[in-house]
Amino acid sequence: MQEQTTTPIKPYNQEDQSKAAEVEQMFNAIAPKYDLLNHLLSMNIDKGWRKKAINSLKDLKPLSRILDVATGTGDLAILANKMLNVPVAGTDLTEGMIEIGRQKVAKLGLENEISLSKADSEALPFASGEFDAVTVAFGVRNYAHLDKGLAEMARVLRPGGRMVILEFSRPRSFPMKQLYMFYFRNILPIIGRCVSKDRRAYEYLPESVLAFPDGTDFEEYLTNAGVKPVKRISLTFGIATIYIAEK
């Protein structure tokens, strides 16, 4: 199993702050431009990725309540409710992101279907086995302690429930690997810096992706957290991956 580094990748690399504190600081700073940058930098491909992730829950029975961890501005939570007609609870470490998500939910009139609250992925405020499904989109690589965050997600998942994780990964084949690395290291940080005005936020993104244990290494983390990996779906030449696991 690939071990987490003793010095985790952090947005600002401040010695006196934890990764969780820095991630919260970063996302609060970029929250107003987060959705714009997400869709701009992925050329809207991320919307299709999210739909595929939610589609993987359509055959799960029973499916009466979903938890979306690291929900950000609520895009996956809203999509899950629309596609599956199931109540969704969303949690995120960053109040700035959650507030934008609440505004989206209110605009859509979904306050009775979707609840968003601030919570740490390592200490979820829910009972064990409370949810039929737990989802995350582009959030697990930001966990301060990946093993602890996954174990908490497994704890609140009922036996027979399903975990669906959408995360960036690294293409392995020529020429996509080379094009991807050039874009990630040279183009993305410039666009991100110009739009968000946060120099480090979109330098941290490629750093965190390159440090993340993707593929079979990540599936070992899932196994150790108490869920069984059942499927791995590579998206857009390996730029992102959907991991599906069951408890």
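Visitor: What makes helix α4 a helix that lies across β2 and β3?

Guide: In this predicted model, contact is taken as heavy atoms within 4.5 Å, and helix α4, residues 95-107, lies across β2 (88-92) and β3. The helix runs at about 165° to β3, and because angles run from 0 to 180 degrees between N-to-C directions, that value belongs to the upper end of the range.

Visitor: Why are β3 and β6 called edge strands?

Guide: The seven strands form an open sheet of mixed pairing in the order β3-β2-β1-β4-β5-β7-β6, and β3 (114-118) and β6 (228-235) each pair on one side only. From one strand to the next, the twist averages 15°.

Visitor: How do you know that β4 and β5 are joined as a pair?

Guide: Two strands pair if DSSP finds at least two bridges between them, and six bridges join β4 (residues 131-137) to β5 (residues 157-168), so the criterion is met. These two strands run parallel, and within β5 the bridge partner of Val-134 is Met-163.

Visitor: Why is Leu-166 counted as buried in the largest nonpolar core?

Guide: Leu-166 is among the residues with the most contacts inside that core of 50 residues, and since a nonpolar core is a set of buried residues, with buried meaning under 20% relative accessible area, membership implies that Leu-166 falls under that cut-off. Leaving aside residues up to four places away in sequence, Leu-166 touches nine-membered company including Trp-49, Val-136, Phe-138 and Ile-242.

Visitor: Which other core lies apart from it?

Guide: Another core, of 26 residues, includes Leu-157, Met-163, Ala-225 and Ala-245.

Methods
Residues numbered from 1 in each chain as written. Predicted model: local features only at pLDDT ≥ 70, side-chain atom pairs only at ≥ 80, totals over all residues. Heavy atoms only, no water. Helix = DSSP H or I, 4+ residues; strand = E, 2+ residues; numbered from the N terminus. Core = buried A, V, L, I, M, F, W, Y, C linked by side-chain atoms within 4.5 Å. Buried < 20%, exposed > 50% of the residue type's maximum accessible area, 1.4 Å probe, protein only.
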